[in-house]
Amino acid sequence: MEMRAIDDTCMARDVTPPLPPIAAALHDHLLRSHCSSCLRPLNLPHPLPHSACSAAVSYCSASCSAADLPLHVSSGECSLLRSRPLSAPTTDARVSLRLLLHLRRSSPARIGGLWSNREAMKEEEEVWGRVEEGVALMMSIADRRVSTEEEAEAAMCVVVTNAVEVQFGTGPGPVGIALYGPGFSWFNHSCSPNACYRFVPAWPGPVDPDSFRVSPAGEESALKAWICDENRLYDGFCRYGPRIVVRSIKPIRKGEEVCVGYLDLLQPKQQTWGKNGSSLGTLT
Ligand SMILES: [Zn+2]
Ligand SMILES: [Zn+2]
């Protein structure tokens, strides 16, 4: 899939509306210092911890808690954090649980229009080990919501292939990872990009399918259909996690492919998988 400009576009223009994630989660080491809904630092005298998992997650406000707590519990994330081995990283598995809850109706092979590079990943010992570790965690939850190992594996492959690292503008490093639908994941990466992306705070509300200045080549109606479907569903676009915006960094001609860059290659979590891979953006 590739995204092409639907019009001549000048430099420094947003080519997508702010897109909510399908799923997002804080990195493990920030669970007690950041809000699990908006991913921002708690910085509050009285954050709202969730007592059922011994305050493994907290929220910065009643609205953040209302947006995320039902998903935290019903995805199985709360159970996972209650029972996890202390040394095991859980971020990928927690996003995978949230993805499965969000897209339970979708095919494991192509969850929500997201592409999974499963066969190529199996060839890479380190990456496949990361997938297997997440699957084992998901299957270890006592009251687990994941029905089969195949389902857990499909979700982990999608997360490792498509998730992007989220970073605050001046923060010391990524705060978590987020998974976005075709409105973002269908952009290819390039060594000579003509667009970049940034994160903006979460807010409720639908996405306007007519506010894109790009369109997926060959499947012009697919993106609009997906956006409309998600807008309609009660459990469609999530009401938590940062929204992502793609912006031009060069003038782009009508019909030209719009690509985002491979960002900071020094980031430890960075992987380059297929057309996307985990990559780093900035929360403004
Ligand atoms: Zn919050
Ligand atoms: Zn909990």
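A residue counts as buried here when its relative accessible area is under 20%, as exposed when that area is over 50%, and as partly exposed in between. Keep that cut-off handy, because His 50, at 13%, falls on the buried side of it. We'll get back to His 50 when we reach its metal site. One thing to say up front is that this is a predicted model.

Let's start with the overall picture. The chain has 284 residues, and 56% of them count as buried. It is built from eight helices and twelve strands. If you take the contacts between residues at least 6 apart in sequence, 76% of them join residues at least 24 apart.

Now for the metals, starting with the zinc ion that is ligand 1. Which residues hold it? The protein donors are the SG atoms of Cys 35, Cys 38, Cys 60 and Cys 64, at 2.3 to 2.4 Å from the ion. Along the chain, these donors follow the pattern C-x2-C-x21-C-x3-C. What about the geometry? The angles subtended by the four donor atoms run from 105 to 114 degrees, so the arrangement is tetrahedral. As a yardstick, the ideal angle for four tetrahedral donors is 109.5 degrees. Two of the cysteines can also be placed on the accessibility scale. Cys 60 has a relative accessible area of 25%, so it is partly exposed, while Cys 64 sits at 11% and therefore counts as buried.

Right after Cys 38 in the numbering comes a backbone oddity. Leu 39 is not a glycine, yet it has a positive phi of about 65 degrees. You'll find Leu 39 in the loop between strand S2 (23–26) and strand S3 (48–49). Is Leu 39 buried or exposed? Its relative accessibility is 0%, so it counts as buried.

A second residue of this kind turns up further along. Ala 55, again not a glycine, has a positive phi of about 60 degrees. Its place is the loop between S3 and strand S4 (58–59). With 23% relative accessibility, Ala 55 counts as partly exposed.

The loop between S3 and S4 also holds His 50, which brings us to the other zinc ion, ligand 2. Here the coordinating atoms are ND1 of His 50, SG of Cys 53, NE2 of His 72 and SG of Cys 78, at 2.1 to 2.4 Å. The sequence spacing of these donors reads H-x2-C-x18-H-x5-C. Cys 78 belongs to helix H2 (residues 77–83), so together with His 50 it ties together parts that are 28 residues apart in sequence. Both ends of that tie are out of the way of the probe: His 50 is buried at 13%, and Cys 78 is buried at 3%. The donor angles at ligand 2 run from 102 to 118 degrees, and that makes this arrangement tetrahedral too.

Next, the helices. H3 (residues 91–102) and H5 (residues 125–140) have axes that come within 9 Å and cross at roughly 65 degrees. The crossing is right-handed. On the H3 side the contact involves Asp 92, Ala 93, Ser 96, Leu 97 and Leu 100, and on the H5 side Arg 130, Gly 134, Leu 137 and Met 138. Sorted by character, these residues are five nonpolar, two polar and two charged.

Leu 137 deserves a second look. This H5 residue is buried, with a relative accessible area of 6%. Its C-alpha lies 7.5 Å from that of Arg 84, although the two are 53 residues apart in sequence.

Another H5 residue to inspect is Trp 128. It is buried as well, at 9% relative accessible area. Setting aside residues up to four places away in sequence, Trp 128 touches Arg 118, Met 121, Lys 122, Glu 153 and Cys 157. From Trp 128 to Cys 157 the C-alpha distance is 8.8 Å, across 29 residues of sequence.

Cys 157 leads on to Ser 116, in the loop between H3 and helix H4 (118–122). Beyond its neighbours within four places, Ser 116 is in contact with Cys 157, Val 158 and Thr 161. The C-alpha atoms of Ser 116 and Ala 155 are 8.7 Å apart, with 39 residues separating them along the chain.

Terms used:
Residues are numbered from 1 along each chain as its sequence is written. Chains are lettered from A and ligands numbered from 1 in the order in which they are written. This is a predicted model: local features need pLDDT of at least 70, side-chain atom pairs count only at pLDDT 80 or more; totals for chains, interfaces and linings use all residues. Side-chain values use heavy atoms; hydrogens and water are left out. Axes are lines fitted to C-alpha atoms, for helices over the stretch in contact, and angles run from 0 to 180 degrees between N-to-C directions. Helices (H or I, at least four residues) and strands (E, at least two) are DSSP runs, numbered from the N terminus. A crossing is left-handed if the near helix is turned anticlockwise from the far one by less than a right angle, and right-handed if clockwise. Contact means heavy atoms within 4.5 Å. Ala, Val, Leu, Ile, Met, Phe, Trp, Tyr, Cys and Pro count as nonpolar, Asp, Glu, Lys and Arg as charged, and the others, Gly among them, as polar. Donors are N, O and S atoms within 2.8 Å of the metal (3.2 Å for Na, K and Ca); water is not among the atoms, so sites may look incomplete. Four donors count as tetrahedral if all angles lie between 85 and 135 degrees; four count as square planar and six as octahedral if opposite donors are over 155 degrees apart and all others between 65 and 115; anything else is irregular. Buried means under 20% relative accessible area, exposed over 50%, partly exposed in between (1.4 Å probe, protein chains only).
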